[in-house]
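Welcome! Please have a look at the structure below, and then let us walk through it together.

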Amino acid sequence: MQFVLPPQKKYLTYGKNIIGIRGIPYNHNSTLRLADMILFFLKSLISKKIYEVNPSLIIADSVHPLGALTGLWFSIVKKCPFVYQIRDIWPLALVTEGKLSKINPIYWLFEIIQNICLKKCAFVLSSLKYYNKFLKEKKVFKKVVWIPNPIKKTNYKKQIVNKYQNLLSLYIGS
């Protein structure tokens, strides 16, 4: 498996390769976080190491939306399935937390990106048990695979890593 993750001190990789994309440090939702999203998007697009990978599928995370858009882009370039992973319902989560209003242009940009990713994905992975109901309300009919959170490490290794050890995937997220 090939993972693309922001730099951290430790990674749980099960002996797999990681490409780190260094970003801008931030502490909370702010202009620095938005700048980090844009920087991640742009640096990912020009990273030669990512283009060298030939994944069987690409999994991209909804947090942040530009990371998901990056994953979609690479799935088109590499001609492989795109799997959209939902951890949070962006940008709606930002609205309910009072961080953003529905009239903010950033809200609409994130909503458009989310809708594009939902439309183009092969299926959705989510730790949100009832996310499929949310999609039906939005008139989006995609298969949703629910992954319980937390997942037991032993089950993860047995069910995921061992089953797909020959699968080369590219994970894009933050």
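A good place to begin is the right-handed β-α-β unit made by β5, α6 and β6. Right-handed here describes the crossover: with the strands pointing away from the viewer, the path from the first strand over the helix to the second runs clockwise. Helices (H or I, at least four residues) and strands (E, at least two) are DSSP runs, numbered from the N terminus. This is a predicted model, in which local features need pLDDT of at least 70 and side-chain atom pairs count only at pLDDT 80 or more, while totals for chains, interfaces and linings use all residues. Residues are numbered from 1 along each chain as its sequence is written, and side-chain values use heavy atoms, with hydrogens and water left out.

**The chain as a whole**

The protein chain holds seven helices and seven strands, and along the sequence they follow the pattern β-β-α-α-β-α-β-α-α-β-α-β-α-β. Of its 174 residues, 40% are buried; buried means under 20% relative accessible area, exposed means over 50%, and partly exposed lies in between (1.4 Å probe, protein chains only). The accessible surface comes to about 10600 Å², and carbon and sulfur atoms make up 59% of that surface. Such areas come from the Shrake-Rupley method with a 1.4 Å probe; for residues, only the protein chains shown count as cover. Contact means heavy atoms within 4.5 Å. Among the contacts in the chain with a separation of 6 or more, 59% are between residues 24 or more positions apart.

**Strands side by side**

Two strands pair if DSSP finds at least two bridges between them. The pairings can be followed from β3 through β4 and β5 to β6:

| Strand pair | Direction | Bridges | Residues opposite each other |
|---|---|---|---|
| β3 and β4 | parallel | four | D61 and Q85 |
| β4 and β5 | parallel | four | I86 and S126 |
| β5 and β6 | parallel | three | S126 and W146 |

S126 of β5 thus appears in two rows, opposite I86 and opposite W146 in β6. Strand β3 covers residues 57-61, β4 covers residues 82-86, and β5 covers residues 123-126. β3, α3 and β4 make another right-handed β-α-β unit.

How many of the residues of β3 are buried? The count is five of five, and the strand is mostly covered. In a regular strand the side chains alternate between the two faces of the sheet. In β3 both faces are covered, with L57, I59 and D61 on one side and I58 and A60 on the other.

**Two salt bridges**

A search of the whole structure finds two salt bridges, each defined as a side-chain nitrogen of Lys or Arg within 4 Å of a carboxyl oxygen of Asp or Glu. In one of them D61 pairs with R87, their closest N and O atoms being 2.8 Å apart. The pair links distant parts of the chain, for D61 sits in strand β3 and R87 in the loop between β4 and α4 (92-96), 26 residues apart. D61 counts as buried because its relative accessibility is 0%, whereas R87 is partly exposed, with a relative accessible area of 36%.

The other salt bridge joins E111 and K138, with 2.9 Å between the closest N and O atoms. This pair also links distant parts of the chain: E111 belongs to helix α5 (residues 105-120), K138 to the loop between α6 (131-137) and β6 (144-146), and they are 27 residues apart. E111 is buried because its relative accessible area is 13%, while K138, at 25%, is partly exposed.

**Helix α1 and a surface patch**

Helix α1 spans residues 31-46 and includes D36. Is D36 buried or exposed? It is buried, with a relative accessible area of 10%. Leaving out residues up to four places away in sequence, D36 touches G23, I24 and Y26. The C-alpha atoms of D36 and Y26 are 8.1 Å apart, and the two residues are ten apart along the chain.

S44 lies in α1 as well and is buried, at 1% relative accessibility. Beyond its neighbours within four places in sequence, S44 is in contact with I21, I50, Y51, T70 and F74.

Y51 also joins W73 and V77 in a nonpolar patch on the surface, and together they have about 250 Å² of accessible area. Patches are made of residues with over 30% relative accessible area and no salt bridge: like charges are joined within 9 Å, nonpolar side chains (Val, Leu, Ile, Met, Phe, Trp, Tyr) within 5 Å. W73 is part of helix α3 (residues 65-77) and is partly exposed, with a relative accessible area of 40%.
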